[in-house]
Amino acid sequence: MVNYGGDEVSAIVVDIGSSTLRAGYAGDDSPKAIIPTYYGYTQNVPEGDAMAEDGAPPSRSKPFIGQNGVATWRPGMEVANPVRESLISDWDPVRPLIEHALVDVMRCDPTEHPVLVTEPAWNTPANRERMAELMFEELQVPAFYIANTGVLNAFSAGKGSALVIDVGASIASVTPVVDGFVLRKGLVSSALPKLVHAHARHTLTSPTNSRAGIQLYPHQLIASRSPVDPGAPPQFTLREDRVAGTTESWKSWYEAREVDEWIQSVAGALEQGWNDQAAAMRPAKQYEFPTGFSTYFGPERFTVGEQFFYHSPQLVASNPNLPKNIPALISESLRACDPELRQVLMGNVVLTGGGSLFSGFSDRLINELSRSFPHVKIHAPGNPTERRYGAWLGGSILASLGTFHQLWISKEEWQVRYSVGCDLFHVLNFHPHRSTEHPSSARGVNSITVEFILIPSCQCIACNNHLLLLGTSERVNQVCCLTSQYFTQMLFSEYCK
Amino acid sequence: MAASAADVRSILSIPSQSGTPQATQKKPQAQSARKPEGISRELFSLIGSSAPTLAAQLLKPRLKQKPNLGNRSCVKWEWRSFKNDARSDGLQLGHWTKASTDPTTPYPFSKYNIQPTVYKYTDEEYTQYLQDQAWTKEETDYLFRTIHEYDTRWYVVFDRYEYPGGVSRSLEDMKDRYFSVCRKLVRNRPWTGDEASKSQLIQSFQFDKEREVTRKKYVTSLENRTPEQIAEEEALFIELKRLEQNERRFKRDRDELLRTLAGIDSGLPDVVEDEASLTAPLPGDFLKRKKTKSGIGAESEPAGPSNTIALGPPIIRKPQNAKSAAYDAQHCITRTEQTGSGSTTKAAHQPAFLRSFKIPFPKAALAPRINQGLTELGINPTRLVMPTRDNCSRLEALIEATTAMVETKKTMDKVEYEIRVAKGRLGIRESEEAGAGGGAAGESISTGIPVDAMDVDEAEGGGDDADEELAEDGRAQSVASVRSARGRRQSRRSMSISSVDTSATLPTRAGTKRQKRG
């Protein structure tokens, strides 16, 4: 065991993405639980008029999560996603989501396992703290760590330094990683996948010379249909009972899903760049929609992939907030890096994310890059699991390493450093010589009275700043107020002597 | 080799033992592992090896055996919580370990928790040694903390460095500050080790900021080249390589020609001397040699001891003693030297042959022209009526001479053409330079180069009738013209490109400068 540096402590890795939440044991090669991040809920019918007078939003039902959650039609079910642009923006459903993955799917007890959670490189400190709080206070995990998806993607490719090109469900990002650290200055991202999705949707729904706009009904809403020739108008009957109870959010969710399925099976990118002849040469692909409508898609299916790499000047001019395309992201990222690093990074390009499985994407990227960088080397795993769950895989590797276990944030550390400490440091950074009692309403801490005293005689070994005596009724710590390092720990009773 | 013990015995006619086959077979089975005492080594090697095959034959066939995993009992593993010494808190994580391991042993991975050496300084040290106009103490503190936090990973330090209210620092600024502080600390602190290790340590903190900045600038400019620039650069590089190669080929050709025409007598046997002869003081020198040559006349040339033209088989080279010479003369024996130098090996042995088989032929590439030349002289080279040795050698000499002539003519044509081109270019340049110089070439000669050089140039000028020269004036003259033409040509080239062969172009370049001034 020691030989290859692994030491498994049955840690759990949780990777929350825009489209799915992945969870599994560290050391495995694929996640055990993969559940959609989208969840459904219904508005509870207000009982009486107690709600209305508060002006509070009507309470929601228990969220519908997992395989039978959002994909199952329910009358009046709304669909929501807590993740917006890879960041968790709504914390209410996150706990049920994680609990569903860990308890219902993996059937394990979170209080027994250390948990490693991933975060995008542009995560906010507040979000990170909230995640820690959720883990420690609500799920009662013994230890916790939060790692960067860019770094984990590099690790899953076996690299310490890499340029990670991550094309997710909603965000495409380019992250330079050096020695396991993200270079924040070179970090760039854009909502490019959204643009590609919108373009595909527009292609499908807008009528052309040869066909009318395609109706994107899911199979859940279709009662019956009869086979028709390709290109002929579909013959189907809707389930009128369901159509009436379908909410707008569920409608947009299923339409998005139909478009995504079409993208995944039909759309593609031309390997050698856009060329009308080359696009016309490619065989047309047939695709049948749930309505029974089927048709052949010719060159138009390649215009979708083109959005990843090239935006026409008209499009750029008409839309000032257009998300940057992949070559622009890469060059912007490299420009922000040290010139000496560019060679290293271009020799270690890691392509990851489910969006990068787009047909022809990696070949096109290789062509685009090798045109401007002669020594580029791209690591793009051919295995779809490795590509889609790269960040989870990196977390799985990291959390099963013997040397990693000193980095876990233990519950004990959390109680001092995060729930109490962070608030304190926030205050103290502005008033370093205040010696008042901290308001005992420190967030998230129950029944812990917090006191701190400035100790003039003790100095922090790192910054020579004055140390604080920070304590609860159980334990006393000396804490440096600048670097938030804490030194001695003693029991309160000992200190009182 | 499945010979049974009984077979061996019958072969060696040893009386068979009274025991049953099983009994005889049991013994070697037991012995198979190692040789027991009392049996000779030879016998053991015979029967010892056969024992397993016997056993296999006699055993009843069975089902596939279960793999024998040894008689060790199963290793017991247990879930055990452990304390990681690398942690400062009391977190207990659990993992599976062998139950036999000692629970008190420290966590094996805690030893990898190595802290890098951090340089710290006290307030006094700072005020005494480390003051810097550009850096406050607080910012230096912050820099050292950041460097410590990221284990001197400079790119990361540079990325995360955000000193509130500070000026923006480049990576080189930070490196410079850090290394200079470390250097000063090491220098000024009491040092327990020897001086060598101290200076070595200081050396490891050496940092040349200016150089780093320039280097980075170069790296950036290298990356900022446009594709056109890169293509141009490559084209130039290839061109340079080609020119170099041409230069080398020309030089080789010239040397060969010189050696062919003038021989060692010319004093230009090899490249080194050749080049030296082209440098400054030599034109006169060379001319002198040329004059003496032409004074002696063409007929004196073949008499040269190592004349390379006379390449026919040397008549008699072996020093002979008087007796054998007399014997040979009496019996009309002519001894020829064998061609191969160390002809003792079989491969080099030459069997008897008719001389008519060895009639020399011209080189295939030049054959038509040589044949043409010979036909003009009224000689049919294809058929030698009487291939005596003398005739053969004469024919060979003739062919050699013709070859040399043809080659010389070829070179001559080439040089002439180049001269014409160069003259044309010179004319263009002169007309560009407002015609100020007038007869620039003549002037240059009259101002700097010794008067003798005139002759060279004249000879060169008469390059048109080089063939006649070859015929009339002897070879030395034509050599001179070829050489000087080469020199001239090189000088032209040296104006357009920076030639590799600088030594050869040195004097003529001076000449061209003068031309420009004039």
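**Where chains A and B meet**

Reader: Hello! How many residue pairs are in polar contact between chain A and chain B?

Author: Happy to help; please keep in mind that this is a predicted model. Counting pairs in which both residues have pLDDT 80 or more, the polar contacts between chain A and chain B come to 18 residue pairs.

Reader: Which element gives the largest share of the side of chain A that touches chain B?

Author: Several elements of chain A supply at least two residues each to that side: β12 (181–182), α12 (339–346), β20 (409–410) and α16 (411–428). The largest share is five residues, and it comes from α12(A).

Reader: And how do the residues of that side divide into nonpolar, polar and charged?

Author: Contact with 34 residues of chain B involves 40 residues of chain A. Those of chain A divide into 19 nonpolar, 11 polar and 10 charged.

Reader: How many salt bridges does the rule find across the interface?

Author: One salt bridge joins the side chains of E223(B) and R342(A), at 2.9 Å from N to O. Across the interface of chain A and chain B, the rule finds six.

Reader: What area is buried between the two chains?

Author: The size of an interface is often given as the accessible area lost when the parts come together. On the chain A side, F181(A), E340(A) and Q406(A) lose the most, together 20% of what that side buries. Carbon and sulfur atoms give 55% of the total, which is about 3100 Å².

Reader: Which helix gives the most to the largest nonpolar core?

Author: That core has 69 residues, and W262(A) and I326(A) touch the most other members. With eight residues, the top contributor is chain B's helix α7 (residues 171–188).

Technical notes: Residues numbered from 1 in each chain as written. Chains lettered and ligands numbered in written order. Predicted model: local features only at pLDDT ≥ 70, side-chain atom pairs only at ≥ 80, totals over all residues. Heavy atoms only, no water. Core = buried A, V, L, I, M, F, W, Y, C linked by side-chain atoms within 4.5 Å. Buried < 20%, exposed > 50% of the residue type's maximum accessible area, 1.4 Å probe, protein only. Helix = DSSP H or I, 4+ residues; strand = E, 2+ residues; numbered from the N terminus. Contact = heavy atoms within 4.5 Å. Buried area = accessible area lost by both parts, 1.4 Å probe. Salt bridge = Lys/Arg side-chain N within 4 Å of Asp/Glu carboxyl O. Polar contact = N/O pair within 3.5 Å; in protein donor to acceptor, adjacent residues only side chain to side chain. Nonpolar A, V, L, I, M, F, W, Y, C, P; charged D, E, K, R; others polar.
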